[in-house]
Amino acid sequence: MDVDRFAVLVGERLRRPRRNERRSRGERLADALDSLIRSGDLRPETRLPAERVLGAALGVSRGTVASAFDQLAAAGLVERRHGSGTYVRAAAPGPQPIFRRWLREGTVVVDLAKSVVPDPSLLPRLDLAVEDLLDAHPADGYAFLGDSRLRGLLADHAAPGAYGPDLLLVTSGAQQALHLVADALLRPGDRVLVEHATYPGMLAAIERFGGVPVAVDGDRYGFSPAAFADAVAEHRPAYAFTMPVHNPTGSVTAERRAKTLAGIVRDADTLLVEDRTLADLVLAEDAGPVASAAAYAPDHTVCLGSLSKTLWGGLRVGWIAAPRPVFGPLAVAKQRTDLASSALDQRLAVALLADPDAAVRQAAWRERLRVRRDCLAGLLAEQLPSWSWTLPQGGMSLWVRLPGADGEEFAATAMRHGVAVSPGAVFAPPGSDVGDDRIRLSFAWPEPVLAEAVAMLAAAWTAHRAG
Ligand SMILES: Cc1ncc(COP(=O)(O)O)c(C=O)c1O
């Protein structure tokens with residue numbers, strides 16, 4: 001790993017000195033490295049950069065780095081090899097203290113039902129005072145469409161090029177965006193086309209506003225064009241719901257498929273709602289931007305997304321971008337729901353998106369997810385060889401088929417063994433049985449946590465089959 005990437009990883013974990021901080025710089029650096037090793041981000045046998053080189057990259061002295069390395073060596077986490085360097089030790093460390101605490105306090109030991117950023121360590125350190133957070137645009141804090149700077153940044157970095165900031169509004173997470181779409185577009189009895197496995201938050205929103213989900217066949221690139229065209233003609237839906245990086249399957253929509261679907265909705269004068277919440281989590285190393293139907297049918301595509309999966313879910317910042325005739329009703333729905341999203345969250349999001357290292361951090365997060373995906377898949381292949389899945393190209397979850405078992409029943413058994421998993425049925429619209437023998441497992445957690453979870457899942461599976 002090159003020293004710049006290493007320094008960014010360390011920087012993410014370095015906590016700012018607290019007021020009256022007693023710990024030395026070396027101790028704080030040792031803590032940051034400790035947390036990277038225990039989380040599995042620094043793998044056994046990784047060679048740490050030379051003291052002088054790392055010191056220069058972090059802006060600290062060589063002595064500070066040497067002191068941190070000594071502390072880690074004393075704790076048994078690294079090994080100083082004379083004349084060769086400092087290496088992460090091979091013995092697998094246990095879960096970080098944070099997970100252990102959780103383990104003691106709750107009934108759930110490990111929560112593989114949550115496909116989330118596990119903690120805020122992806123966020124850069126910010127030098128923001130409370131007064132900075134109160135610097136809202138507009139100053140009264142009621143930004144009905146969102147903070148004007150944030151709308152600009154999201155239009156530049158998140159939404160497909162088809163929409164400028166004037167056609168983008170800020171929401172409280174993508175979950176609210178899904179509800180605003182249903183609120184603005186549905187009348188009771190309206191049909192919405194969804195895939196056989198789809199995001200439950202959209203199903204809940206459709207139900208809440210009296211719509212009727214209709215499941216349409218698909219393949220690993222999304223809706224299959226012929227079935228989609230037939231369903232559009234038959235049901236005249238208010239909209240069709242897609243995810244270019246799919247939750248739960250992790251499949252990625254191909255450019256050609258996005259173009260074909262765009263043509264169908266344009267010709268039928270209906271809408272495609274594209275949930276891009278996971279769009280920045282394509283895990284292939286050479287991946288480019290994920291396709292959007294908005295490139296081909298901007299007047300018939302509504303896009304929405306979130307900062308939850310690339311920065312942190314606790315921010316509660318999402319967005320919707322839509323063609324002008326749809327944008328008005330969405331803005332009205334937003335106002336009647338909660339007037340405006342929190343000005344403080346948005347101010348923080350502005351600072352985070354302006355971080356100069358944002359792209360490097362995102363690449364590091366994707367790489368970490370790729371390693372965790374392969375780790376979970378490897379552990380399952382070893383310990384639960386009868387389970388099957390297609391290795392996801394994106395996202396944060398594995399969509400696993402259990403041979404001859406009911407996903408919901410197994411989820412209950414797994415819970416008794418200390419692991420929460422999502423039963424596949426929650427991703428299926430009424431009448432679709434595609435999730436019945438499935439569970440969804442999050443691989444967003446550090447490798448030692450995944451290892452503990454899989455050992456418990458294996459015990460649960462043995463008990464389940466015996467029972
Ligand atoms: C596809 C999809 N849409 C929406 C959401 C909700 O995201 P948020 O946390 O921004 O409300 C999620 C969260 O998992 C998701 O996976």
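# Exercises on turns, sheets and helix packing

Asp269 lies in the loop between helix 11 and strand 10 (272-275); helices (H or I, at least four residues) and strands (E, at least two) are DSSP runs, numbered from the N terminus. The model is a predicted one, in which local features need pLDDT of at least 70 and side-chain atom pairs count only at pLDDT 80 or more, while totals for chains, interfaces and linings use all residues. Residues are numbered from 1 along each chain as its sequence is written, and side-chain values use heavy atoms, with hydrogens and water left out.

## Exercise 1: backbone angles

Find the sign of phi at Asp269, then say which residues the cis peptide bonds before Pro138 and Pro248 start from.

Step 1. Phi of Asp269 is positive, about 55 degrees, although Asp269 is not a glycine. As background, most residues other than glycine have a negative phi, and most peptide bonds are trans.

Step 2. His137 is joined to Pro138 by a cis peptide bond with omega of about 5 degrees. Look for Pro138 in the loop between helix 6 (130-133) and helix 7.

Step 3. Asn247 and Pro248 are also joined by a cis peptide bond, here with omega of about 20 degrees. Pro248 sits in the loop between strand 9 and helix 11 (255-268).

## Exercise 2: a hairpin

Work out how many bridges join strand 1 to strand 2 and which residue in the turn has a positive phi.

Step 1. Strand 1 (residues 78-81) and strand 2 (residues 85-88) run antiparallel and are joined by 4 bridges; two strands pair if DSSP finds at least two bridges between them.

Step 2. One bridge pairs Val78 with Val88 of strand 2.

Step 3. The two strands form a hairpin with 3 residues between them, and Gly83 in the turn has a positive phi of about 75 degrees.

## Exercise 3: the mixed sheet

Trace the order of the 7 strands in the open sheet, then find the partners of Leu193 in strand 6 and strand 9.

Step 1. The order is 4-12-11-10-9-5-6, with mixed pairing. Strand 4 (168-171) and strand 6 are the edge strands, each pairing on one side only. Neighbouring strands of this sheet are turned by 25 degrees against each other on average, direction ignored (axes are lines fitted to C-alpha atoms, for helices over the stretch in contact, and angles run from 0 to 180 degrees between N-to-C directions).

Step 2. Strand 5 (residues 191-195) runs parallel to strand 6 (residues 212-216), with 5 bridges. Val214 of strand 6 stands opposite Leu193.

Step 3. Strand 5 also runs parallel to strand 9 (residues 239-242), with 2 bridges. There, Ala240 is the bridge partner of Leu193.

## Exercise 4: the antiparallel sheet

Decide which strands stand at the edges of the sheet with strand 13 and strand 15 in it, and which strands helix 14 touches.

Step 1. This open sheet has 3 strands in the order 13-16-15, with antiparallel pairing. Strand 13 (397-401) and strand 15 (422-423) are at the edges with a single partner strand each, so one side of each is left without a neighbour in the sheet.

Step 2. Strand 13 is joined to strand 16 (residues 438-442) by 5 bridges, running antiparallel. Arg438 in strand 16 is the bridge partner of Arg401.

Step 3. Helix 14 packs on this sheet and touches strand 13 and strand 16, its direction making about 25 degrees with that of strand 13; contact means heavy atoms within 4.5 Å.

## Exercise 5: partners of helix 1 and helix 14

Classify three helix pairs: are helix 14 and helix 16, helix 1 and helix 2, and helix 1 and helix 14 roughly parallel or roughly perpendicular?

Step 1. Angles under 35 degrees count as roughly parallel, over 145 as roughly antiparallel, 65 to 115 as roughly perpendicular and the rest as oblique.

Step 2. The axes of helix 14 (residues 358-383) and helix 16 (residues 447-466) come within 10 Å and cross at roughly 25 degrees, and these helices are therefore roughly parallel. Residues making the contact include Val371 and Leu376 of helix 14 and Leu450 and Val454 of helix 16. By class it has 10 nonpolar, 1 polar and 2 charged residues (Ala, Val, Leu, Ile, Met, Phe, Trp, Tyr, Cys and Pro count as nonpolar, Asp, Glu, Lys and Arg as charged, and the others, Gly among them, as polar).

Step 3. Helix 1 (residues 3-13) and helix 2 (residues 25-38) have axes that come within 8 Å and cross at roughly 105 degrees, which means that helix 1 is roughly perpendicular to helix 2. Phe6 and Leu9 of helix 1 are among the contact residues, as are Leu29 and Leu33 of helix 2.

Step 4. For helix 1 and helix 14, the axes come within 10 Å and cross at roughly 90 degrees, so these helices are roughly perpendicular. Among the contact residues are Arg5 and Glu12 of helix 1 and Arg361 and Glu367 of helix 14. This contact has 4 nonpolar, no polar and 6 charged residues.
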